[in-house]
Amino acid sequence: MEYQRKKKLTNFTIGLLFLSGGIEYAVILPTIWAYLQTLHAEPYFLGLGISAFSLTGLLTGPLFGHWSDRSQRTKAIILFANVFEIVGNFMYFMGVSKWLLLGSRLVAGIGTGAGASIFGYLTRSTTSQERATVFAAVMACRQVGLLIGPACNLFLRLCNFRLGPFEVNKFTSPGLFMCLLWILLQFVVAAMYYDLQPVPHPQRAALAVQEEEEREPLVQHDSGQEEPAEHRSYGGTIQGVPAEPPMGDESRYVPNGHLAEEEGGVKEKSPFQNFSAMREYLREEVVVLLTAQFITLFNQTALETMVTPITQRYLSFGELENSIMYFLCGIEVICGFFLVRCLSSRLPDRVILVLGLVICNVACIWCLLFLARPQGSFPVLLSELVVGVFLQVLGLPFVAVSQVSLFSKVTAERTQGFSQGLRRSVGGIATILGPLWAGGLTENLYVMLGVMMGLLSLLMVMVGLSYSYLVELPRSSVPGPSPEERRS
C-alpha cells in the first residue's frame, strides 16, 4: 500500500535525524575544550559553549512545535531547522575566534527545536497503545548515534590538510563532518519524508463519534432552546460548572465553557492567543510529568559531570578508559530502550515510570553510600563505580520513555507540537543547570548527591499522590474543574 510505504520511509528518515543528533553530540563534545584552548578561551567558555546549544534549543522547541500544530506539516519545519544545523557546524569548522565558536553552538542549537514537531507528528500518527514503543525506538536511534560518534572521531582526528583558506585538523574536522552530514540529510528529508495525514484508527473513529454526541445540547427546555452553560453540569453531577472538554482535545475548549466550532466556525485558540489555554499545563498530572522530566535529566547530567573527576581521582582513568566506560553505558542504554519497548506492550506507562524511579532512587542511594567518599582497594572502588553507573543508566530508559508517552496522553493532541516543545524546553533547562550544579560541587559530593536524592524523593511523593491521574482516561469521563478553580 502506498500509504504504508511512505510512512515507513518517513519513520526511517526520523530515525536518521535522531541518529545524526546523537552523532553530533558525540563528535563535538570530546574535542570542544581542546579546540577552545587553541583559540585562547577562558575555562568558563566550555560551559558557555555546551549550554548555548541547549539554550537556543529550549527556546525554539515550543515555537517550532506551535508552527507544526497550526500547519499540521513538519517537513518544511525540518528542512528549515536543518539549515541552522548546517550553518552552525560550518561556523564551528571555521574556528576564527572563541566568540565565533560560541555563536556556532547557538546557531546549531536552533535546529534541535524541530524535535518538538517530530514528537508531535509521532503522537498524531500513533495510538496510545503503540506510542511508547515508537518513542522508545526513536530515542534508541539517538543512543546509537552516541556510539557511532566516537568511532567517527577515530578518523577525524587524523585529518590534517587545508581546504581553501581553512585548516582541517582534529579540532575543526568535526564541524565540517557534521555540516556535510546535515547537507546530506537535507536531500534525504526532501526525497523520503512525507507530510502524511494520519489514517483514523478504529479507536479514534469511535472517540470521534462519541465527541460528536457530546457536542449535542446536554439539557433542553421544552421550547427547544438549549439551557445556558452556567445552569448545566458535566454528566449531571455538578451544578453551575461548565462542561469540560474531552481528554486529548482540550484545544477546542474556550474559557466561556463552550466548545469551539469545527473548521469553518470559530478558529481554535492557540496557547499564544489566549492565556487561559495555558491552564492545561497547570493540571496536576502535567506538572508531575514536567517535574519528572526536569529532575531525571538534572540528575543524569549532574552524574555525568561527576563521574569523570571521580574516575580520574580515585581510579586514575585516562581518555581511553573513560571512552570505554561511556561506550559500555551507551550499549546498556540501547538495551534498556529495547527492554522498555517490549515491556510497554504489557505494562501501563505509569508502572514503567515507577519502576524507573525506583531504580534511580536505588542508584542515588548507592552513590551516596559508596561514591561520596570512596575508600578501599582498586577492585573495590571499581566495583562500587560499576554498580552505581549501571543502576543509574538502567533507570534512564524506563523514566524517559514512560514520561514522554504519558505526557502525550494527558495533553491535547491538536497542540502536541507546542506541548512537546514545552517538555523539551524543561529538559533543556535541566541539562544546563545539572552540569553547573555538579561542576561546582565535585569536592563536596555529599551535598551534591544529597540534593539529588532529595529531588528524587520529592518526585516519588508527587508520582505516588498523582498515580491515579497518570493514565489516559476516556474522554467522556474527565471531570470538570472544581468551582474554586473556575473562580480563580
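C360 is buried in this predicted model, with a relative accessibility of 6%. The sulfur of C360 has its closest cysteine sulfur in C364, at 8.8 Å. That gap is too far for a bond. A disulfide calls for two cysteine sulfur atoms within 2.5 Å. By this rule, 0 disulfides are counted. Another cysteine, C159, is also buried, at 19% relative accessibility. The cut-off for buried is under 20%, so C159 falls inside that class.

Nonpolar cores come next. The largest nonpolar core holds 87 residues. Those with the most contacts inside this core are I14, M306, L353, M448, L449 and M452. Helix α9, residues 284-314, gives the most to this core. The contribution of helix α9 is 13 residues. L353 shows what such contacts look like. With neighbours within four places in sequence left aside, L353 is in contact with L289, F398, V399, S402, Q403, L406, V463 and L470. There is also a second, separate core. This second core has 12 residues, including I28, L39, F45 and A52.

Helix α9 also contains F294. F294 is partly exposed, with 23% relative accessible area. Along the chain, F294 and S425 are 131 residues apart. In space, their C-alpha atoms are separated by 9.4 Å. Beyond its neighbours within four places in sequence, F294 is in contact with V426, I429, A430 and L433.

A further buried position is N89, in helix α3, residues 75-94. The relative accessible area of N89 is 0%. Apart from neighbours within four places in sequence, N89 is in contact with E24, I28, R105, G175, L176, M178, C179 and W182. One of these contacts, I28, is also a member of the second core.

Charged pairs were then examined. Side chains of opposite charge can pair when their charged atoms come close. The count comes to 6 salt bridges. One of them joins the side chains of K98 and E42, at 2.9 Å from N to O. This pair links distant parts of the chain, 56 residues apart. K98 sits in helix α4, residues 98-111. E42 sits in the loop between α1 (2-38) and α2 (44-71). The two partners differ in exposure: K98 is buried, at 16% relative accessible area, whereas E42 is partly exposed, at 28%.

D69 and R124 form another salt bridge. Their closest N and O atoms are 3.6 Å apart. The cut-off for a salt bridge is 4 Å, so this pair falls within the rule. Here too, distant parts of the chain are linked. D69 lies in helix α2, and R124 lies in helix α5, residues 114-124. The two residues are 55 places apart in sequence. D69 is buried, at 8% relative accessibility. R124 is buried as well, also at 8%.

A salt bridge is also formed by E285 and R283. The closest N and O atoms of E285 and R283 are 2.5 Å apart. E285 is buried, with a relative accessibility of 9%.

The surface has nonpolar parts too. I324, F327, L328 and I331 make a nonpolar patch of about 360 Å². L328 lies in helix α10, residues 319-343. The relative accessibility of L328 is 51%. The exposed class begins over 50%, so L328 counts as exposed.

Two loop residues have notable backbone angles. H40 has a positive phi, near 60°, and is not a glycine. H40 is found in the loop between α1 and α2, the loop that also holds E42. H40 is exposed, with a relative accessible area of 69%. Q72 likewise has a positive phi, of about 55°, although Q72 is not a glycine. Q72 lies in the loop between α2 and α3. At 30% relative accessibility, Q72 is partly exposed.

Notes
Residues numbered from 1 in each chain as written. Predicted model: local features only at pLDDT ≥ 70, side-chain atom pairs only at ≥ 80, totals over all residues. Heavy atoms only, no water. Buried < 20%, exposed > 50% of the residue type's maximum accessible area, 1.4 Å probe, protein only. Core = buried A, V, L, I, M, F, W, Y, C linked by side-chain atoms within 4.5 Å. Helix = DSSP H or I, 4+ residues; strand = E, 2+ residues; numbered from the N terminus. Contact = heavy atoms within 4.5 Å. Patch = residues over 30% accessible without salt bridge, like charges linked within 9 Å, V, L, I, M, F, W, Y side chains within 5 Å. Areas by Shrake-Rupley, 256 points an atom, 1.4 Å probe, with all protein chains shown as cover.
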